[in-house]
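Visitor: I should like to learn how to read the features of a chain. Please take them one at a time.

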Amino acid sequence: AAGGLQHAARQAVAIREVVDVVRAEIGRDRVVDVLEGDAEGASQQALGSVVMGGMIAVVILALLMVPVFFVSVQRVLGGDRAKAEKDGEAYGPPAPVKP
């Protein structure tokens, strides 16, 4: 148990050192702003909500519109297929038969 406690303490010191380096690089005020939440955090949350909402809307529209578009195109081009089926070559010429 003592070894685990020492390991946890070393990890805590290492994490603290990383936090100190980050604070030195970007400034203490920025770290505090991110941790406390400020106007910038709120704007980022709003932007994230808009992006997620847009992705959800696009998925829903795609699930609805792609099949409708596919069926519409099939109906428009369906006259050509009916003529081809009548001629016996709806799916191209028959494959050669091997003896």
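The dialogue below treats confidence, helices and surface.

Guide: This is a predicted model, in which local features need pLDDT of at least 70 and side-chain atom pairs count only at pLDDT 80 or more, while totals for chains, interfaces and linings use all residues. Residues are numbered from 1 along each chain as its sequence is written, and side-chain values use heavy atoms, without hydrogens and water.

Visitor: Which element has the lowest mean pLDDT, and which the highest?

Guide: pLDDT is the predictor's confidence in each residue, from 0 to 100. Where it is low, the predicted coordinates should not be read in detail. Here helix α2 (residues 28-36) has the lowest mean, 55, and α3 the highest, 81. The chain mean is 76, with 67% of residues at 70 or more.

Visitor: How many helices and strands are there in the chain?

Guide: Helices (H or I, at least four residues) and strands (E, at least two) are DSSP runs, numbered from the N terminus. The chain has three helices and zero strands.

Visitor: Is Leu64 buried or exposed?

Guide: Buried means under 20% relative accessible area, exposed over 50%, and partly exposed in between (1.4 Å probe, protein chains only). Leu64, located in helix α3 (residues 39-87), counts as exposed because its relative accessibility is 53%. Of the 99 residues in the chain, 1% are buried.
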